[in-house]
Amino acid sequence: MRRFGIAAVVLGLTLASAAPALADATAFLGATTTPTNRQARGVALGTGLLLFGFEFEYSSTTNDAATGAPSLKVGSANGLLQTPVPIFGIQPYATAGGSIYRERIGSGTQTGFAPNIGGGLKIGLAGPLRLRVD
């Protein structure tokens with residue numbers, strides 16, 4: 001029982017004294033559901049400074065030859081402008097950037113560019129752990 005108490009105190013002090021994250025990486029798996037369910041996977045990397053942040057993402061969706069569903073590869077880059085510190089545990093931000101995509105259907109290929117703008121909130125949960133709502 002004493003070891004549990006010591007472990008709880010150490011964990012609490014670790015979370016309370018954690019420095020803000022300056023970079024993160026996320027790997028993801030998912031599905032593209034139109035026109036058929038196909039596997040999508042990718043990786044995202046991000047870093048943030050006081051007011052500015054940058055994120056890069058790559059994703060790939062497999063094709064389905066039986067239904068003629070295309071494969072899709074996307075690379076994107078975004079810049080973030082955010083408040084320097086959270087206000088009541090919430091940090092608003094705005095983002096802008098673009099993506100380059102390549103779609104393949106059979107022997108045909110289409111490549112294009114898609115710009116984007118948006119925003120959201122980073123909500124503090126515990127220590128450096130935050131929920132991002134876009």
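User: In this predicted model, what does R132 count as, judged by its relative accessibility?
Analyst: In this predicted model, the relative accessibility of R132 is 35%. Buried would need a value under 20% and exposed a value over 50%. Because 35% lies between those two limits, R132 counts as partly exposed.

User: Which residue of strand 3 meets the side chain of R132 in a salt bridge?
Analyst: Side chains of opposite charge can pair when their charged atoms come close. A salt bridge joins the side chain of R132 to a partner at 2.5 Å, N to O. That pair links distant parts of the chain, with R132 in strand 7 (residues 129-133) and a partner in strand 3 that is 77 residues apart from it. The partner of R132 in this salt bridge is E55.

User: Is E55 buried or exposed?
Analyst: The relative accessible area of E55 is 19%. Since the limit for the lower class is under 20%, E55 counts as buried.

User: Which residues are linked in a network of salt bridges?
Analyst: The search of the whole structure finds two salt bridges. Besides its bridge with E55, R132 forms one with D134, where the closest N and O atoms are 2.8 Å apart. D134 counts as exposed, at 67% relative accessibility. The network of salt bridges links E55, R132 and D134.

User: R38 has no salt bridge, so how far away is the nearest side chain of opposite charge, given that a salt bridge needs atoms within 4 Å?
Analyst: R38 has its place in strand 2 and is buried. The side chain of R38 reaches the backbone oxygen of P70 at 2.3 Å, and P70 is also among the residues that R38 touches, as are A69, S71 and D64. The nearest side chain of opposite charge belongs to D64, and because a salt bridge needs the atoms within 4 Å, R38 has none with D64 at a distance of 6.1 Å.

User: Which residue's side chain makes a polar contact with the side chain of N78?
Analyst: N78 has its place in strand 4 (residues 71-82) and counts as buried because its relative accessibility is 14%. Leaving aside neighbours within four places in sequence, N78 is in contact with residues including G53, F54, E55 and T95. A polar contact of 3.3 Å joins the side chain of N78 to that of N116.

User: Which element gives the largest share of the nonpolar patch on the surface?
Analyst: The patch has about 980 Å² of accessible area together, and among its residues are V43, L45, F52, F54 and L81. Strand 2 (38-48) and strand 3 (52-61) are the elements that give two or more residues to it. L81, in strand 4, counts as partly exposed at 49% relative accessibility. The largest share of the patch, four residues, comes from strand 3.

User: How far apart in space are P84 and L49, C-alpha to C-alpha?
Analyst: P84 lies in the loop between strand 4 and strand 5 (90-105) and is partly exposed, with a relative accessible area of 43%. Leaving aside neighbours within four places in sequence, P84 is in contact with L50, L51 and Q91. Although P84 and L49 are 35 residues apart in sequence, their C-alpha to C-alpha distance is 8.6 Å.

Technical notes: Residues are numbered from 1 along each chain as its sequence is written. This is a predicted model: local features need pLDDT of at least 70, side-chain atom pairs count only at pLDDT 80 or more; totals for chains, interfaces and linings use all residues. Side-chain values use heavy atoms; hydrogens and water are left out. Buried means under 20% relative accessible area, exposed over 50%, partly exposed in between (1.4 Å probe, protein chains only). A polar contact is a pair of N or O atoms within 3.5 Å; within protein, one must be able to donate a hydrogen and the other to accept it, and residues adjacent in sequence count only if both atoms are side-chain atoms. Contact means heavy atoms within 4.5 Å. Patches are made of residues with over 30% relative accessible area and no salt bridge: like charges are joined within 9 Å, nonpolar side chains (Val, Leu, Ile, Met, Phe, Trp, Tyr) within 5 Å. Accessible areas come from the Shrake-Rupley method with a 1.4 Å probe; for residues, only the protein chains shown count as cover. Lys and Arg count as positive and Asp and Glu as negative; His and the chain ends are not counted.
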